[in-house]
Amino acid sequence: MDQESYHPHAFEDEIYAFWEDSGFFKPGQPEADPFCIIKPPPNVTGALHMGHALTDTIEDTIVRYKRMKGFDTLFIPGTDHAGIATQVVVERELAKEGQSKLDLGRERFLERVWTVKERHHNIIVKQMRKMGGSLDWSRECFTLDDHVKQAVKKVFVQLYKEGLIYRGERMISWCPKDETALSDLEVEQRETKGFMWRVKYMLEGDDSSYLPVETTRPETIFADTAVAVDPDDERYRRFVGKNVIVPIVGRAIPVIADSYVDSEFGSGALKVTPGHDFNDFDIGARHKLPIIQVIDAKGRMTEESGPEYKGQSVRECRKKFVAALDDAGLLESENPHVHFVGYSQRSGAVVEPRLSQQWFVATETLAKPALDAVKQESIRFIPKRWDKTYFEWMENIRDWCISRQLWWGHRIPAYFCNVCNHITVSEDDVKACEACKSIDVMQDQDVLDTWFSSALWPLVTLGWPEESADLKKFYPNQLMETGFDIIFFWVARMIMFGMKFGGDIPFKDVFFHAMVRDEKGQKMSKTKGNVVDPLELIQSHGADALRFTLASMAGQGRDVKLSKDRVEGYRNFMNKIWNAHRFLCLNTPGQLKEVPNFATLHPINQWMCLRVQHLATQMDKAFNAYQLSDACQMVYHFFWHEYCDWYLEFCKVLMNDPQTKDETSAVAYAVFRDGLKLLHPIAPFVTEKLFQALPNKDAEALIISSFPEAAKDVQDSSADQWVNGVQEIISAARRVRSMSGIPPGHKISICVDTQVINPEGWVPYITGLVRAKSVVFQKPETGVWLKAVCGTGTVYLDPEGTIDTQRELERLAKDISFIEKGRGSIERKLDNVGFTKNAPPEMVQKEHEKLAELTSKLQSLHEIKGTLEQLL
């Protein structure tokens, strides 16, 4: 291989082009079982963030694993038009130019949005490629593609004809900043500091009697049409049936009894404002109250509030009106009050409950089969705890407001007749009213909620509504991987629409990943300045290091705490594997022989074959359970510790022996090749690059090679015990050498007291890996020896003439003092009942483990100190 050092940016683009040009991303095994993941479509509003990088990593890892296991895999890319989010981006651009969408008009504005979409789409696609996603780009989909538009129309029309889509005047959540309706899920409830005002509603015809009414929204008093009290509240029973006067306004409204009122909350008297509150709207419907709206679509006060307040913002009106109440002697009290207020997730504006003509999906009929699918485990949620969240929402589901007052998106296929007011709903463009045949018709100006088209994603990406070959083979998908925060926005709606229009569940497993946070566990945000750009990390450390970092921390249910140091550490891991390949190139013959029969191999070569086959079995289990963090931990331990730290060191001895040289070269390469295969799903670039350079590669490309299988005929072997024994002896000897300060270059005499039969085969490995000048298998009879006990026996090292005894004793005394302080600190912490009782159990356990480790180390240092003192 021409590249000596590991520089990922030098080959990653080349490797990706090789995969794509070779057609490896396309399904190509028609007889094999299907495995399909439809990529959650990122919004075309800008660059991808670290959460997308996590999604890319998890999905592509599973797809690559399944491809190597022989499945006919399909991984489909796509992007979402993201109605509100994208329109807001473009409107902000226009505002900087001193323009608005109204200046351009709908057609020119949409042309501008498409230009922005293309720009952002190209950035997103570049990032997906940089992450190594093995996506079939020939099947890429966009939620405003022509066939998706047709599918959306088909669904809308069918639901409308079945009475499951209807248009009605209902109370909805309204964003005054974006001037559009919001679904319940797009409203974020935040705890907000405000005030509770107690206002006097004077009894009509009686200036001495009044009802004390408490409110957090005095600006809506203009729209009050009743005051409600608990029918069992004796305090106010005499008021029921009479009228009170709306403060300042002077209008008489009835006092009604309604069981919704909580007599113990506030004053027990509730102002009823059907035009500006969801609960008040329901009360108003029960009592047939009139509806008044005093806040318009822009969040400004209307004529109904009077000329003094018309045109003011809610905040301006509130301040001015409270002062007027106080001046009139109608304000009884004003107290600080913390309550929950709805905010738009997109714009951050305070949401206004507003009565509006909107389109709705009647969800109850659709929700029942979708609920049963998860309850009966036809669809499996991972982690399973998300079942409960899903059940609670689906069992209390409300009708879905699907119309948005935007220009960018799927325009609602409904046409209003200006002659007879009939609404014609059709998949085709309507030229005349279906009722009166008038040509004076106009299409609804609104578009559909983004999630309406997204709910069809598993279907439209496979060609629906056409009965395509992809749809027949790959629907339902095997896996949907997404964030838990859109379980209602997206997952539930995909299940509802998939079962309704696809005739089956849309996917079998749903894996919910956690959130990527910074190394301190804080949410990443631009305001905090802790956002990490995936492309920057790829440029500096390579895609494999970033992928491995994200996968290693993607334990089910745990947030990912990302640090650049962690990414750098895994870049070192990739470099370690690169250097292992360099070692093989420099120390093995050009022509490899076949790996001999297992039974004839040297125990160390047997052990290495066993370890990689055991790893294959465990990696299989981890990938199938979506336990990527476990898979990373296992393959990391194998490559770094078992293969590089131990086996390659053993190879230096084995390859110098003519009897084991050829078999060791063959085994070293065979195991390395299988190790690359096991690592490939997580770190595809470096593994493919090294695989292509192997003299024993067994496929055109690693991406389409077979995942290693555990060979059943090599499981019964004493090789593990043989190698573990010599490893324990070497580790014990190395530990004592290091702790006692014996210089690395000094060769030492070693004695080993062990009950193992015929341990003489260990001698060359102990000699080479511990730098021993002699190894004897007996307990020393005379002299002062450093000692270390391990599971295999006791190791003795002769320190005579290798160290400055006095200086080492002084160093040991400092080390002992330092460790004793550390141990004392932990003991005090564990003696603190407040800590052991209140700290998380895993934290307490970690402190116990640290204490045990320090105690063991302290004991070893004291033993070494005692031995060295005998040398003085």
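The paragraphs below go through the cores, helix contacts, strand pairings and unusual backbone angles of a predicted model.

The nonpolar cores give a starting point. The largest of them has 147 residues. Those with the most contacts inside this core are Phe 639, Tyr 643, Tyr 647, Phe 650, Phe 672 and Ile 750. Helix H18, residues 628–654, contributes the most to this core, with 14 residues. Apart from neighbours within four places in sequence, Tyr 647 is in contact with Ile 604, Asn 605, Trp 607, Met 608, Glu 642, Thr 664, Val 667 and Ala 668. A second core, separate from this one, has 67 residues, including Ile 38, Ala 151, Ala 370 and Phe 507.

Ile 38 serves as an entry to that second core. This residue lies in strand S1, which covers residues 34–38. Ile 38 has a relative accessible area of 0% and therefore counts as buried, the limit being under 20%. Once residues up to four places away in sequence are set aside, Ile 38 touches Ile 76, Trp 457, Pro 458, Thr 461, Leu 462, Asn 477 and Met 480. Phe 75 is 37 residues away from Ile 38 along the chain, yet their C-alpha atoms are separated by 5.9 Å.

Helix H18 also takes part in a helix contact. Its axis and that of helix H15 (residues 543–552) come within 7 Å and cross at roughly 120 degrees. H15 is therefore oblique to H18, because only angles of 65 to 115 degrees count as roughly perpendicular and those over 145 as roughly antiparallel. On the H15 side the contact is made by Phe 548, Ala 551 and Ser 552, and on the H18 side by Leu 628, Ser 629, Cys 632, Val 635 and Tyr 636. Sorted by class, this contact has six nonpolar and two polar residues, and no charged ones.

Another helix pair brings together distant parts of the numbering. Helix H1 (residues 12–21) and helix H20 (residues 684–692) have axes that come within 10 Å and cross at roughly 80 degrees. This crossing angle makes H1 roughly perpendicular to H20. H1 supplies Glu 12, Glu 14, Ile 15, Tyr 16, Phe 18 and Trp 19, while H20 supplies Pro 684, Phe 685, Glu 688, Lys 689 and Gln 692. The contact of H1 with H20 holds six nonpolar, one polar and four charged residues.

Turning to the strands, an open sheet of three has the order S19-S18-S20 and antiparallel pairing. S19 (423–425) and S20 (441–443) are at the edges with a single partner strand each, so one side of each has no neighbour in the sheet. On average, neighbouring strands in this sheet are turned by 30 degrees against each other, direction ignored. Strand S18 (residues 414–417) is joined to S19 by three bridges, and Ala 414 stands opposite Val 425 in S19.

Strand S11 (residues 252–257) pairs in both senses. With strand S9 (residues 226–229), the pairing is parallel over three bridges, and Val 229 has Ala 257 of S11 as its bridge partner. With strand S10 (residues 243–245), the pairing is antiparallel, also over three bridges, and here Val 244 stands opposite Ile 253. Six residues lie between the strands in the hairpin of S10 and S11, where Ile 248 takes a positive phi near 70 degrees.

Further exceptional backbone angles occur in loops. Most residues other than glycine have a negative phi, and most peptide bonds are trans. Lys 437, not a glycine, has a positive phi of about 70 degrees and sits in the loop between S19 and S20. Its relative accessibility is 58%, so Lys 437 counts as exposed. Asn 758 has a positive phi of about 55 degrees and is found in the loop between strand S26 (748–754) and helix H22 (763–770). With a relative accessible area of 60%, Asn 758 is exposed.

Two cis peptide bonds complete the tour. One joins Trp 464 and Pro 465, with omega about 15 degrees; Pro 465 is in the loop between helix H11 (457–460) and helix H12 (469–474). Another joins Tyr 475 and Pro 476, with omega about 0 degrees; Pro 476 is in the loop between H12 and strand S22 (477–483).

Definitions and conventions: Residues are numbered from 1 along each chain as its sequence is written. This is a predicted model: local features need pLDDT of at least 70, side-chain atom pairs count only at pLDDT 80 or more; totals for chains, interfaces and linings use all residues. Side-chain values use heavy atoms; hydrogens and water are left out. Axes are lines fitted to C-alpha atoms, for helices over the stretch in contact, and angles run from 0 to 180 degrees between N-to-C directions. Helices (H or I, at least four residues) and strands (E, at least two) are DSSP runs, numbered from the N terminus. Angles under 35 degrees count as roughly parallel, over 145 as roughly antiparallel, 65 to 115 as roughly perpendicular and the rest as oblique. Contact means heavy atoms within 4.5 Å. Ala, Val, Leu, Ile, Met, Phe, Trp, Tyr, Cys and Pro count as nonpolar, Asp, Glu, Lys and Arg as charged, and the others, Gly among them, as polar. A nonpolar core is a set of buried Ala, Val, Leu, Ile, Met, Phe, Trp, Tyr and Cys residues joined through side-chain atoms within 4.5 Å. Buried means under 20% relative accessible area, exposed over 50%, partly exposed in between (1.4 Å probe, protein chains only). Two strands pair if DSSP finds at least two bridges between them.
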